[in-house]
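Take a look at the model below. The text that follows walks through some of its helices and how they pack.

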Amino acid sequence: MTGQPRAILVGAPGAGKTSTGQALAARLGVPFRDTDADIEATAGKPIPEIFVDEGEQHFRALERAAVAAAVGDFDGVLALGGGAIMAEENRAALAGHQVVHLVVSLGEAVKRVGLHSGRPLLEINPRATLKFLLDQRIPLYESVATLTVETDGRSPDEVAEEIAALLKP
Ligand SMILES: Nc1ncnc2c1ncn2[C@@H]1O[C@H](COP(=O)(O)OP(=O)(O)O)[C@@H](O)[C@H]1O
Ligand SMILES: O=C(O)C1=C[C@@H](OP(=O)(O)O)[C@@H](O)[C@H](O)C1
Ligand SMILES: [Mg+2]
């Protein structure tokens, strides 16, 4: 497959990158891809097991490879993991693409993600951890985004409808 993604979704855990990405891809009639799923396929195990067996640094290395591969050669809607933008290399890879920042408030993200969501970083004290992550990451999401869309109080399909209307052909 060649080409470049129609849209790349970034934002905090719980912003809806995976679910809104699927809805947007269905609406546009293009394939959907999620770098977290690519990482799990490469590693042959779920993300929590990668964190336990090899640690976060190894996960981030797999993530950099997954982002480079997908951004460079995928013609659909691409969702990244919430921490992907922490790597300068990944932010650089997003330049020139249509990047959508899905904005979610802290309170809504905590409600959506909850406990035991399969996100190892949020297994303990999700509210405090998410606050720390949001404070650190929001400027980075904003720095890579070409579109910004609010998600609080709206369904993934409603958010996808707005993105579809805003995307350049
Ligand atoms: N706009 C939304 N409104 C309500 N719940 C949502 C919305 N977007 C996602 N969710 C729910 O929040 C949880 C996390 O969504 P997900 O798509 O996995 O987010 P992300 O990939 O950004 O971490 C899922 O249970 C999903 O159904
Ligand atoms: O915020 C993060 O650092 C992470 C977010 C997760 O993806 P979502 O943002 O899709 O939940 C996943 O990549 C991993 O658990 C690490
Ligand atoms: Mg996701």
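In this predicted model, the buried residues of helix H8 have several neighbours covering them. Among these are strand S1 (7-11), helix H1 (17-28), strand S4 (99-103) and strand S5 (147-150). H8 itself spans residues 156-166, and its buried residues are Val159, Ala160 and Ile163. Why do they line one face of the helix? Seen down the axis of H8, these buried residues fall within an arc of 100°, so they line one face. A general rule about helices fits here. An α-helix has 3.6 residues a turn, so residues three or four places apart point the same way.

Now follow one of those covering elements, H1. How do H1 and H8 pack? Their angle is about 55°, and their axes are 8 Å apart. Angles that are not under 35 degrees, not over 145 and not from 65 to 115 count as oblique. H1 and H8 are therefore oblique to each other. Their crossing is right-handed. Which residues meet there? From H1 come Ser19, Thr20, Ala23, Leu24, Arg27 and Leu28. From H8 come Pro156, Asp157, Val159, Ala160, Ile163 and Ala164. Sorted by class, the contact of H1 with H8 holds 8 nonpolar, 2 polar and 2 charged residues. Val159, Ala160 and Ile163 appear in this contact, and they are also the buried residues of H8.

Turn next to another pair, H6 and H7. Helix H6 covers residues 106-113, and helix H7 covers residues 126-144. The two pack at an angle of about 130°, with axes 10 Å apart. That angle makes H6 oblique to H7. The crossing of H6 and H7 is right-handed. On the H6 side, the contact is made by Leu106, Ala109, Val110 and Val113. On the H7 side, Pro126, Arg127, Leu130, Lys131 and Leu134 take part. What classes do these residues fall into? The contact of H6 with H7 has 7 nonpolar residues, no polar ones and 2 charged ones.

Stay with H6 for a moment. Its buried residues are Ala109, Val110 and Val113. Viewed down the axis of H6, they fall within an arc of 100°, so they line one face of the helix. These buried residues pack against H7. What sits on the face turned away from the buried side? There, H6 carries the exposed residues Gly107 and Lys111.

Finally, leave H6 and look at the backbone beyond it. Just after H6, glycine 114 takes a positive phi of about 60°. Two residues other than glycine also have positive phi values. One is histidine 116, with phi near 55°. Histidine 116 lies in the loop between H6 and H7. Is histidine 116 buried or exposed? Histidine 116 has 10 C-beta neighbours inside 10 Å, so it counts as exposed. The cut-off for an exposed residue is 12 or fewer. The other is asparagine 125, which has a positive phi of about 50° although it is not a glycine. Asparagine 125 also lies in the loop between H6 and H7. With 11 C-beta neighbours inside 10 Å, asparagine 125 counts as exposed too.

Note on methods: Residues are numbered from 1 along each chain as its sequence is written. Chains are lettered from A and ligands numbered from 1 in the order in which they are written. This is a predicted model: local features need pLDDT of at least 70, side-chain atom pairs count only at pLDDT 80 or more; totals for chains, interfaces and linings use all residues. Axes are lines fitted to C-alpha atoms, for helices over the stretch in contact, and angles run from 0 to 180 degrees between N-to-C directions. Helices (H or I, at least four residues) and strands (E, at least two) are DSSP runs, numbered from the N terminus. A crossing is left-handed if the near helix is turned anticlockwise from the far one by less than a right angle, and right-handed if clockwise. Two residues are in contact if their C-beta atoms, placed from the backbone, lie within 7 Å. Ala, Val, Leu, Ile, Met, Phe, Trp, Tyr, Cys and Pro count as nonpolar, Asp, Glu, Lys and Arg as charged, and the others, Gly among them, as polar. A residue is buried if 20 or more other C-beta atoms lie within 10 Å of its own, exposed if 12 or fewer, and partly exposed in between; C-beta atoms are placed from the backbone. The arc is that of the directions from the helix axis to the C-beta atoms.
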